[in-house]
Amino acid sequence: MNGTRREPIGGPRRSLRTALTLGAFLLTGAVAVAAALWSLWARWPATPAVAAPEAPHLPVVVAGETFTVAPAAIRIAMQRHSGPQERLDLVYLWPGLTPPRPTEPGAPPPPTADRVYVTIAPAAGALDPAERLRTIWLRYTRAELDPAPEGLALVEFRDGTPYQGEDAAWEENAPEKFLARCERPAPGRPPATCLSERLIGGAVVTMRFPRDWLADWRTVAEGFERLLVALRPKAG
C-alpha cells in the first residue's frame with residue numbers, strides 16, 4: 001500500500017533450504033561417482049611388469065601356445081613380460097642363436113648379416129608350409145629350376161603373380177624339413193632375405209635370414225630346428 005516491497009513469506013529461508021538440499025544431493029552424487037571409479041580402478045588389470053634383458057627366461061603364450069623366451073632376445077621392450085601376448089618379435093645372433101647384447105641409446109644400428117629375426121604370431125588358419133608349396137606356390141612358379149646348392153630346389157615365381165620378384169627354395173625330397181620364400185636380389189636394393197615358417201599349434205613361427213645363407217641351407221635348417229627346441233623345451 002505504501003510502496004514498501006514485501007518479501008514472500010519464508011522467501012530467504014526457503015531459498016537457503018533449497019540451496020542446501022541441492023548441495024547435499026550434488027555431494028552425494030559426487031561421492032557415488034568417486035566410489036564407482038575407485039571400484040573400477042581397483043579391478044582394472046595391472047600393466048604387466050617389463051622384465052630386464054638380463055632376466056631369466058619368460059613363459060609367453062601366443063595363440064594358446066607357450067614359448068620360453070630369453071628377455072634379451074625380445075626386440076620390443078613392451079613385449080618383455082610373461083603371460084599372453086598378441087605376438088613376439090625376436091632376434092638372435094647366428095649361428096649360436098644367442099640373444100644379442102642390448103644396444104646403447106644413440107648407438108648406430110647393429111649389423112644384420114649375422115642375425116636371425118623371428119616372429120611368433122597367430123597362424124589364423126594358415127596352411128602348413130609344405131602343403132602351401134604343393135597347393136599354391138607351385139601354380140605360380142616357372143618350370144625351369146635355377147642353379148642351386150646340392151639337394152636344394154630353387155624356383156622363380158612368374159611375373160604377374162602375387163609372388164613376383166621372389167623365389168621358392170626347398171629341400172628337394174622333403175620340403176617339410178626346409179622351405180623358404182626369398183626375395184630376388186636386385187641392384188640398388190637392400191640385401192635379399194628369406195622367410196621360413198613352421199606351424200606350432202595355433203601359432204606360426206617365422207624366421208627371416210639373409211638369402212646368401214642358402215649356400216649353406218642345411219645349416220640354416222638345422223639352426224631353425226634348434227631354435228624351435230629352445231623356444232619349446234617342454235614340448236612333447
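This report covers a disulfide, a small sheet and a surface patch in a predicted model.

## Disulfide

A search of the whole structure turns up one disulfide. Its partners are Cys182 and Cys194, with an S to S distance of 2.1 Å. The torsion about the S-S bond of Cys182 and Cys194 is about 110 degrees, so the disulfide is right-handed. Cys182 belongs to strand S9 (residues 179-183) and Cys194 to strand S10 (residues 193-200), so the bond ties together parts 12 residues apart in sequence.

Both Cys182 and Cys194 are buried. A disulfide is a covalent bond between the sulfur atoms of two cysteines.

## Three-stranded sheet

Three strands make an open sheet in the order S2-S1-S3. The pairing is mixed. S2 and S3 hold the edges, each with a single partner strand, so one side of each has no neighbour in the sheet.

Strand S1 (residues 58-62) and S3 run parallel, joined by two bridges. Val60 stands opposite Gly83 in S3. Strands of a sheet pair through backbone hydrogen bonds, either parallel or antiparallel.

## Nonpolar surface patch

Val50, Ile76 and Met78 form a nonpolar patch on the surface. Together they have about 270 Å² of accessible area.

Ile76 sits in the loop between strand S2 (65-69) and strand S3 (83-84). Its relative accessibility is 39%. Partly exposed residues fall between the 20% and 50% cut-offs, and Ile76 therefore counts as one of them.

Methods. Residues numbered from 1 in each chain as written. Predicted model: local features only at pLDDT ≥ 70, side-chain atom pairs only at ≥ 80, totals over all residues. Heavy atoms only, no water. Disulfide = S-S within 2.5 Å. Helix = DSSP H or I, 4+ residues; strand = E, 2+ residues; numbered from the N terminus. Buried < 20%, exposed > 50% of the residue type's maximum accessible area, 1.4 Å probe, protein only. Patch = residues over 30% accessible without salt bridge, like charges linked within 9 Å, V, L, I, M, F, W, Y side chains within 5 Å. Areas by Shrake-Rupley, 256 points an atom, 1.4 Å probe, with all protein chains shown as cover. Salt bridge = Lys/Arg side-chain N within 4 Å of Asp/Glu carboxyl O. Pairing = 2+ DSSP bridges.
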